[in-house]
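Thank you all for coming; I would like to take a few minutes to walk through one model with you. Please keep the view on the screen open while I talk, and stop me if a residue is hard to find.

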Amino acid sequence: HNVRQLKFPDLSLSAEPVDESSVKKMILTFEKRSYKNQELRIKFPDNPEKFMESELDLNDIIQEMHVIATMPDLYHLLVELNAVHSLLGLLTVVDLLQELTDIDTLHESEEGAEVLIDALLEGQVVALLVQNMERLDEQVKEEADGIYNTLAIIENMAEFRPGLCTEAAQQGLMQWLLKRIKAKMPFDANKLYCSEILAILLQNNDNTRELLGEMDGIDVLLQQLSVFKRHNPSTAEEQEMMENLFDALCSCLMLPANRDRFLRGEGLQLMNLMLREKKVSRTSALKVLDHGMIGPEGADNCHKFVDILGLRTIFPLFMKTPKKMKKTGTSEKEHEEHVSSIIASMLRNLKSQQRSRLLTKFTENDCEKVDRLMELHFKYLEAVQQADKRIEGEKHEMVRRGEILDDSMEDEFYLRRLDAGLFVLQLICYIMVEISNSGISQLQQRVHQILNLRGGSVKVVRHIMREYAESIGDGKSDEFKEAERKRIMDLVDNF
């Protein structure tokens with residue numbers, strides 16, 4: 001701990017070494033001064049000079065208490081001596097709380113951290129922090145910093161204990177974040193931080209996704225993103241905020257109820273425009289469409305996408321992967337994966353006239369879309385075969401060393417194969433078997449013609465699709481999985 005203390009030479013005003021008894025003394029002094037200050041404030045509410053001195057004394061001891069942040073193993077004293085309660089009542093201590101909850105410090109002493117976080121949560125820390133932020137005026141620099149530091153406390157606690165996100169969101173945080181994000185203020189560090197906290201709250205959490213949906217948050221996100229339809233973000237920070245908001249939107253779309261809110265908020269129209277505008281936002285818009293259209297819950301969005309002439313936007317992106325991908329840091333594979341996934345979702349979900357319009361696309365210009373599909377098929381097949389070779393070699397080595405190939409190892413190998421290109425390959429094969437089964441003979445003929453021409457085989461495609469059918473339906477009901485498997489296997493048998 002000595003090393004860390006060196007950072008705070010100015011804070012240990014007393015020359016005595018800091019140990020358990022001096023920390024106790026410090027906390028008790030803080031309690032006394034805090035009480036006195038409150039007493040005087042109540043007695044002379046309109047007469048600041050009467051409580052000014054007690055205020056300065058209180059601030060001195062709060063400054064001294066920063067040294068406790070270097071000793072998480074003494075955090076329990078803050079709780080036992082009831083200081084957490086007083087600290088929460090004071091909220092001038094935002095920067096002290098921020099230091100106490102510094103994520104690296106928390107991990108230094110897990111028990112100290114647990115005790116502190118429990119006490120903070122018991123004191124409804126988030127509700128209090130939010131109320132405090134509502135009182136702050138960001139035109140004043142210190143108060144704007146106060147908001148930034150408050151968000152840091154929340155981020156530290158959420159990182160140490162992800163389970164508190166639901167509670168935090170319900171204690172007014174979600175509402176405050178949405179209000180701050182849509183506030184008509186110039187872009188700044190606080191807005192960036194808000195977008196980051198919002199994305200953290202929504203990660204793998206259906207409760208917060210539902211809450212955001214109920215608070216019309218989908219509209220707020222779409223409004224904020226619409227700025228980037230025709231303009232690129234002007235700085236790296238602004239681009240980071242844009243990406244956080246896109247991540248938040250993708251996250252929300254994992255919840256079926258939000259698909260409808262996205263549809264009604266004209267989210268599809270906005271994403272479609274972004275794809276046409278060729279700005280930095282294009283890549284993320286593609287990802288949002290993918291999230292909005294996937295699975296049976298994406299059916300309404302798929303139909304609407306065809307109605308707003310989305311096929312004219314998506315197919316050029318399928319035919320040719322944009323060169324400018326490097327700028328946004330997206331890989332070619334990621335682009336091809338999202339586009340293939342969107343087309344696969346449409347083939348899965350579209351009925352009647354919208355479905356015919358999609359299939360017609362594949363026949364235009366002498367089936368050029370099928371040619372491109374097959375080109376991608378062989379590209380990813382080769383990538384997967386390379387990966388399979390490497391993995392087989394490793395398995396062979398493991399067996400030779402007498403290691404056991406358990407299920408978790410097999411899962412890891414499967415994930416590696418998906419990552420190497422198997423996931424895209426599955427989508428492409430799915431599109432191949434769907435269009436071959438569409439009743440349009442020229443599509444089926446063209447798929448098989450190219451397969452034979454390039455020495456591919458129906459057997460390989462069937463094998464890929466069987467494996468895909470096996471892995472289907474994460475978190476869905478058994479009936480759904482069964483029906484979906486049967487549907488895919490019927491397509492495969494007819495291929």
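**Salt bridges, helices and a few unusual residues**

Let me begin at K486, which is exposed, its relative accessible area being 52%. What I am describing is a predicted model, and I ask you to keep that in mind throughout. K486 forms a salt bridge with D490, and the closest N and O atoms of that pair are 2.9 Å apart. D490 is partly exposed, with a relative accessible area of 34%. The two residues, K486 and D490, sit 4 residues apart in helix α27, which covers residues 478-493, so they are separated by about one helical turn.

With that pair in view, let me step back to the chain as a whole. The protein chain holds 27 helices and 0 strands, and its C-alpha trace spans about 90 × 60 × 40 Å along the principal axes. Of its 495 residues, 50% count as buried.

I return now to the charged pairs. Side chains of opposite charge can pair when their charged atoms come close. Searching the whole structure gives 34 salt bridges, and one of them joins the side chains of E138 and R180, at 2.7 Å from N to O. E138 belongs to the loop between α9 (125-135) and α10 (141-160), while R180 belongs to helix α11 (residues 165-182), so this pair ties together parts that are 42 residues apart in sequence. Are these two partners buried or exposed? E138 has a relative accessible area of 17% and is buried, and R180, at 4% relative accessibility, counts as buried too; the cut-off behind both statements is a relative accessible area under 20%.

Another salt bridge links R401 with E403, where the closest N and O atoms are 2.7 Å apart. E403 is partly exposed, with a relative accessible area of 36%. There is also a network of salt bridges, in which E332, E336, R372, E375 and K379 are linked.

Charge also gathers without such pairing, and here I would point you to the surface, where D406, D407, D411 and E412 form a patch of negative charge. Within that patch, D411 is placed in helix α24, residues 407-436, and D411 is partly exposed, with a relative accessible area of 49%.

Next, two helices that I would like to take one after the other. Helix α12 runs over residues 189-202, and at 1.5 Å a residue its 14 residues should span 20 Å, which agrees with the 20 Å between its end C-alpha atoms. How many of the residues of α12 are buried? The count is 11 of the 14, so α12 is largely enclosed by the rest of the structure. Among the buried residues of α12 are the leucines L192, L198, L201 and L202, but the list also includes N190 and K191.

Helix α8, residues 110-122, has 13 residues and reaches 18 Å from its first C-alpha to its last, close to the 18 Å expected at 1.5 Å a residue. Its buried residues include G112, A113, L116 and I117, together with A119, L120 and L121. Just after α8 comes Q124, which takes a positive phi of about 50°.

That backbone angle brings me to two further residues. L309 has a phi near 65°, a positive value in a residue other than glycine. L309 is placed in the loop between α19 (299-307) and α20 (311-319), and with a relative accessible area of 34% L309 is partly exposed. Where does N365 lie? N365 is placed in helix α23, which covers residues 352-400, and its phi is near 45°, again a positive value in a residue other than glycine. At 55% relative accessibility, N365 counts as exposed.

Finally, a contact between residues separated along the chain. K24, in helix α2 (residues 20-43), is 53 residues apart from L77 in sequence, yet the two are 6.9 Å apart in space, C-alpha to C-alpha. K24 counts as partly exposed, at 36% relative accessibility.

To close, I would leave you with the pair of E138 and R180, whose side chains meet in a salt bridge, and with the reminder that the model is predicted. I am happy to take questions.

Conventions:
Residues numbered from 1 in each chain as written. Predicted model: local features only at pLDDT ≥ 70, side-chain atom pairs only at ≥ 80, totals over all residues. Heavy atoms only, no water. Patch = residues over 30% accessible without salt bridge, like charges linked within 9 Å, V, L, I, M, F, W, Y side chains within 5 Å. Areas by Shrake-Rupley, 256 points an atom, 1.4 Å probe, with all protein chains shown as cover. Salt bridge = Lys/Arg side-chain N within 4 Å of Asp/Glu carboxyl O. Lys, Arg positive; Asp, Glu negative; His and termini not counted. Charge placed at Lys NZ, Arg CZ, Asp CG, Glu CD. Buried < 20%, exposed > 50% of the residue type's maximum accessible area, 1.4 Å probe, protein only. Expected span 1.5 Å × (residues − 1).
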